[in-house]
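Open the structure in your viewer and keep the selection tool at hand. The stops below say what to select next and what is there.

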Amino acid sequence: MELQQLVDRIASEVTPGGAVADYIPALARIDPHAFGLAVATLDGEVFGAGQYDRPFSIQSISKAFTLALALAENDDVWTRVGREPSGSPFNSLVQLETEQGIPRNPFINAGAVVVTDHLGLGAADRLLDFLRQESGNPALDVDPEVAKSELDHSDRNRALAHFMASYGNMRNPVDVVLHEYVRQCSIAMSCADLARATLFLARHGVRNDGTRLLGVSGAKRVNAVMLTCGTYDAAGQFAYRVGLPGKSGVGGGIIAVVPGKCAICVWSPALDARGNSVAGVDALDRFTTLTGWSVF
C-alpha cells in the first residue's frame with residue numbers, strides 16, 4: 001500500500017476520544033474532534049491526511065528537541081537528569097524529594113525544566129530557529145495566547161523548579177527558566193512541520209542540510225529515551241502497541257520515528273487520563289501494524 005493511501009485509510013478509521021487538556025485554558029477551547037496525520041520520508045516528502053497542515057501547540061513534544069540540542073553540546077546534562085521511566089504523572093513532585101532534586105528523565109516536566117535551564121538563556125529562541133530550519137517553515141513562532149495562558153497557570157511547574165533549586169539543580173533564576181520553558185512548549189506547528197523537523201532522528205542525527213546535529217550514538221540515545229519515557233507513565237503501553245520511539249504532548253500531538261525510513265506526526269487533542277492523544281496512539285498503532293515498520 002502506498003503511503004498516501006495508508007494515511008488516508010488510517011484517517012478514515014480512527015475515532016477521536018477522551019478530553020482536551022483543561023488545566024491550560026487556551027488548550028481547553030480546541031475542537032476535540034480535530035485530527036491530522038503526516039508522514040515525512042527521508043527525502044522530506046510528506047504524505048498527509050486530515051488537518052495535517054493546521055498548527056497546534058506542540059507542548060511536551062518540544063522536550064525531544066531540547067534534549068537533542070543539549071546533547072549536541074555535550075553529555076553533561078545527564079549529571080542533572082536521569083534516563084529512567086518515572087511511573088508517575090508528568091508533573092509529579094513526589095520523586096524529586098526521594099531522589100534529591102534529580103528528575104527521573106528529561107521528558108517529565110521537572111526533567112524538561114532542567115534541560116531548558118541547561119541550555120541557558122535564549123533556549124526557546126534556539127529551539128525555534130532549529131525547528132524553522134528543519135521543518136523548512138520560517139514562519140513558525142510561539143503562540144502568545146497559549147504562552148500567557150500557560151504561564152498564568154504554572155504554579156506546579158514553578159514548585160518543581162524551586163524544589164530542584166533547593167537541591168542546587170538549577171543554574172538560572174526560576175522565573176527566567178520558566179519563561180523559556182513556557183515559550184518552547186507554546187510553539188505552534190502542524191503535523192507536516194513536526195514530521196519534517198523530526199527527520200534528523202530517522203537519519204541517525206543528520207539534519208536536512210546534510211550537517212550532523214548528533215552522532216549515530218547520540219541519535220540512538222534520544223530515540224531510546226523517547227521509547228522508554230516519551231509518553232509519560234504510559235510508555236510501556238505505547239511501546240507495546242506502537243513499537244516506535246515517540247514523544248507526546250498535551251496539545252494532542254505525538255511524533256514517532258522509524259529509524260532509516262521516516263518520521264510521523266499525528267494530532268488529535270482529546271487525551272486519555274495519562275495525557276496522550278487517544279486517536280493519535282490508535283493511528284500510530286494502525287500505522288505500524290499495516291506497514292510492519294517497528295524497532296522490534
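Is Tyr181 buried or exposed? Select Tyr181: with a relative accessible area of 2%, Tyr181 is buried, where buried means under 20% relative accessible area, exposed over 50% and partly exposed in between, for a 1.4 Å probe and protein chains only.

Before going on, note that this is a predicted model, in which local features need pLDDT of at least 70, side-chain atom pairs count only at pLDDT 80 or more, and totals for chains, interfaces and linings use all residues. Residues are numbered from 1 along each chain as its sequence is written, and side-chain values use heavy atoms, with hydrogens and water left out.

**Annotated positions**

Stay on Tyr181, which is placed in helix α9 (residues 174–185); helices (H or I, at least four residues) and strands (E, at least two) are DSSP runs, numbered from the N terminus. Leaving aside neighbours within four places in sequence, Tyr181 is in contact (heavy atoms within 4.5 Å) with Lys63, Asn109, Ala112, Val113, Thr116 and Asn157.

Now select Ser60, Asn109, Glu150, Asn157, Tyr181, Tyr232 and Val250, which the UniProt annotation "binding site" covers in an unreviewed entry. UniProt positions are given in the numbering used here, feature names are shortened, and annotations may be inferred rather than shown by experiment. The lining of the largest pocket includes Ser60, Asn109, Glu150, Asn157, Tyr181, Tyr232 and Val250. On a 1 Å grid over the protein atoms alone, a pocket is an open set of points with protein on both sides within 12 Å along at least five of seven lines, a cavity is a set of points where a 1.4 Å probe fits but cannot get out, and lining residues have an atom within 4 Å of a point.

Go to Glu150 in helix α7 (residues 144–152). Glu150 counts as buried because its relative accessibility is 6%. Not counting residues up to four places away in sequence, Glu150 touches Ile24, Gln59, Val182, Cys185 and Ser186.

**Two residues with positive phi**

Gln59 sits in the loop between β3 (56–57) and α3 (62–73). Its phi is near 50°, a positive value in a residue other than glycine. Tyr232, in the loop between α11 (216–229) and α12 (235–241), has a phi near 60°, also positive in a residue other than glycine. Gln59 is buried at 2% relative accessibility, and Tyr232 is buried at 4%.

**The cores**

Which residues touch the most other members of the largest nonpolar core? Select Phe65, Leu131 and Leu194, which do so among its 50 residues. Helix α10 (residues 191–202) gives the most to this core, with eight residues. A nonpolar core is a set of buried Ala, Val, Leu, Ile, Met, Phe, Trp, Tyr and Cys residues joined through side-chain atoms within 4.5 Å.

A second, separate core of 24 residues includes Ile10, Ile254, Val258 and Phe287. Ile10 is in helix α1 (residues 3–13) and is buried at 0% relative accessibility.

**The cavity**

Finish with Ser86, Ser88, Pro89, Ser92, Gln95, Leu96, Ile102, Pro103, Arg104, Ile108 and Ala110, which line the largest cavity. Its volume is about 70 Å³, volume being the space filled by probe spheres set on grid points joined across faces, edges and corners.
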